[in-house]
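Hi,

Here is the structure I said I would pass on to you. Have a look at it first, and then read my notes underneath.

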Amino acid sequence: MTTKHKVAVIGGGSFGTAIANIIADNGHDICQWMRTPERVKEVNELHTNEVYLPSISLNPALRASADLRETVAGCDTVFFSIPSKSSREVARQLADCIAPGTILISTTKGIEFETNKLMSEVLLEELPQVRVGILSGPNLAKELAARMITGTVVASKDPGVTSTIQDLLQCSYFRVYAGSDMYGVELAGALKNVYAITAGMAAALGCGHNTISMLITRSLAEMSRYAVIKGADPLTFLGLAGVGDLFVTCTSPLSRNYRVGFELGQGRDLNEVVASLGQVAEGVNTLRLMKEQSELLDIYMPLVHGLYDIIYNGCKVGDVIGTMMCAEQNRDVEFTLQ
C-alpha cells in the first residue's frame with residue numbers, strides 16, 4: 001500500500017460489508033454507514049454482520065456509524081451500496097455532506113424503476129460534484145467476505161478513478177481490473193439479474209446441463225443485443241462484468257436472483273418469495289423495465305418476454321418453453337470484429 005485512504009461505504013448489506021472488510025484488511029481508514037443503531041453496535045463491538053454475512057468475522061478496524069455526515073467526513077473515496085429503489089433518496093441526503101472531487105463508486109446492480117436510469121446517472125444527477133465509477137463482476141458477497149479469490153472490474157471515464165480503486169482494493173484474494181466502458185459494465189450488472197431468475201427456475205424444474213448451458217449462452221446474446229442498441233460495447237460483455245457475472249449468478253444458490261427463480265420454479269408465489277428472501281433481488285424490477293424497453297426499441301428478447309409471461313401473466317412454463325423452441329432461429333454469434 002503506497003497511500004492510506006480515508007474511505008466510506010454507504011450501505012449495511014452483504015456486499016457493502018464485504019467491500020468495507022477488504023478496505024480494512026488493506027489498512028485504510030474505513031467507516032460504514034448503516035441505518036440501524038443495532039447493526040452499528042454489532043459491527044463495532046462484535047465485528048460481525050450476522051443478518052447479511054452469517055459466520056463471517058470482520059476486521060476489527062472496520063468502524064460503523066448511523067450518522068451519514070460523520071461517515072463521509074474527510075473521505076476521498078466513497079462506495080455506494082444501496083438498493084436501486086432507495087439510491088436517489090440516499091444520494092440526496094449525501095448532497096451537502098460529500099466534498100467536490102470525491103470519488104464515488106456505485107456497486108448497485110440495478111436500474112431505477114421510475115426513470116429507467118442506471119445508478120451512475122442517478123448519482124450524477126443528485127451529486128454532480130463527484131467523480132463517478134462502477135464496480136461490477138462475479139462478486140458473491142459471502143465468498144468475498146470469506147476471502148475467497150475473486151476478480152472484479154472498476155470502470156470510469158476518469159483513469160484516476162480506476163487507478164485509485166485498484167490501489168485501494170487490490171489484495172491477495174481480490175484482483176481488480178480496469179475498464180473505460182462504464183455504461184456497458186453497469187448495464188451488464190443490471191441485466192444479468194433477470195437471466196439468473198430464469199436459470200434458477202430451470203434448475204428447480206430439473207433441466208439438464210445442456211439446457212442450462214444453452215440458457216446462459218442465449219442470455220449473453222440477448223444482453224449483448226440490448227447493450228448495442230443502448231450504446232454499450234458488446235466486447236465488455238465477454239469480460240468479468242458480462243459473462244463472468246452472468247455465469248456465477250446463473251449457477252450459484254448464493255445469488256439472490258437465482259434463489260428467486262428456484263423458488264418460483266417450485267411453484268411459490270412471487271410476493272411470498274421476495275418477502276422471505278429478506279434482501280433485494282434487483283432482477284424482479286429489471287425484468288419489467290427490459291420488457292418495456294425491448295418493445296419500445298424493437299429488440300428481440302425472447303427470454304425476457306418468456307419470463308415476464310410466466311411471472312406476471314400466469315403462463316405455464318411448459319407452454320412458454322414450447323413457444324421459444326419453435327421461434328425463428330437467429331444467428332448464434334451476432335457481433336464480429338471488423
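Below is what I found, starting with the whole chain and then going residue by residue.

One thing to keep in mind throughout: this is a predicted model.

**The chain as a whole**

The secondary structure adds up to 15 helices and ten strands. Along the principal axes, the C-alpha atoms fill a box of roughly 60 × 45 × 35 Å. Is that what you'd expect for a compact globule? What we can compare is the radius of gyration: a compact globule of 338 residues would come out near 20 Å, and the chain has 20 Å, so the two agree. Buried residues account for 54% of the 338 residues. Of the contacts with a separation of 6 or more, 71% are between residues 24 or more positions apart.

As for the outside, the chain exposes about 14800 Å², and carbon and sulfur atoms supply 53% of that. There are 28 positive and 36 negative charges, and their mean positions are 2 Å apart.

**Three buried spots**

Let's start with Thr77, which sits in strand β4 (residues 77-80). Its relative accessibility is 0%, so Thr77 counts as buried; the cut-off is under 20%. Its side chain makes a polar contact with the side chain of Asp76, at 2.8 Å. Leaving out residues up to four places away in sequence, Thr77 touches Lys6, Val7, Ala8, Thr102, Ile103, Thr164, Ile165 and Leu168.

Next is Val153, in strand β9 (residues 150-155). At 11% relative accessibility, Val153 is not at zero, but it still counts as buried because the cut-off is under 20%. Beyond its neighbours up to four places away, Val153 touches several residues, including Ile134, Leu135, Ser136 and Tyr177. Leu118, on the other hand, is 35 residues from Val153 along the chain, with 17 Å between their C-alpha atoms.

Gly137 is in a loop, the one between β8 (131-136) and α6 (141-145). Gly137 counts as buried, with 0% relative accessibility. Not counting neighbours within four places in sequence, Gly137 is in contact with Lys109, Thr152, Leu240, Ala241 and Asp245. Leu240 and Ala241 are also on the list of residues that Val153 touches. If you want a distance to try out in your viewer, go from Gly137 to Met201: they are 64 residues apart along the chain, and their C-alpha atoms are separated by 22 Å.

**One loop, three residues**

Now go to the loop between α2 (37-46) and β3 (63-65), where you will find His47. Asn49 and Ser55 are in that loop too. Which of these residues is buried, at 0% relative accessibility? That one is Asn49. His47, at 22%, counts as partly exposed, while Ser55, at 70%, counts as exposed.

Have a look at the backbone here as well. Phi of His47 is near 60°, a positive value in a residue other than glycine. Ser55 also has a positive phi without being a glycine, near 70°.

Asn49 has plenty around it to look at. A polar atom of its side chain lies 3.0 Å from the backbone oxygen of Gly12. Setting aside residues up to four places away, Asn49 touches Gly12, Gly13, Thr17, Met34, Arg39, Glu42, Pro54 and Leu58. Of those, Arg39 is ten residues from Asn49 in sequence and 7.1 Å away in space, C-alpha to C-alpha.

**An exposed leucine**

Is Leu238 buried or exposed? Leu238 is exposed, because its relative accessible area of 58% is over the 50% cut-off. You'll find Leu238 in the loop between α9 (209-230) and α10 (240-251). Apart from neighbours within four places in sequence, Leu238 is in contact with Leu220 and Val243. Ser224 is 14 residues from Leu238 in sequence, and the two are 9.2 Å apart, C-alpha to C-alpha.

**Helix α14**

Last stop: helix α14, which covers residues 302-312. The buried residues in α14 are Leu303, Val304, Gly306, Leu307, Tyr308, Ile310 and Ile311. When you read that list, remember that an α-helix has 3.6 residues a turn, so residues three or four places apart point the same way. Just after α14 comes Gly314, which takes a positive phi of about 70°.

That's everything from my side. Enjoy looking around!

Best wishes

Methods
Residues are numbered from 1 along each chain as its sequence is written. This is a predicted model: local features need pLDDT of at least 70, side-chain atom pairs count only at pLDDT 80 or more; totals for chains, interfaces and linings use all residues. Side-chain values use heavy atoms; hydrogens and water are left out. Buried means under 20% relative accessible area, exposed over 50%, partly exposed in between (1.4 Å probe, protein chains only). Helices (H or I, at least four residues) and strands (E, at least two) are DSSP runs, numbered from the N terminus. The radius of gyration is taken over C-alpha atoms; the globule rule is 2.2 Å times the number of residues to the power 0.38. Contact means heavy atoms within 4.5 Å. Accessible areas come from the Shrake-Rupley method with a 1.4 Å probe; for residues, only the protein chains shown count as cover. Lys and Arg count as positive and Asp and Glu as negative; His and the chain ends are not counted. The place of a charge is taken as NZ of Lys, CZ of Arg, CG of Asp or CD of Glu. A polar contact is a pair of N or O atoms within 3.5 Å; within protein, one must be able to donate a hydrogen and the other to accept it, and residues adjacent in sequence count only if both atoms are side-chain atoms.
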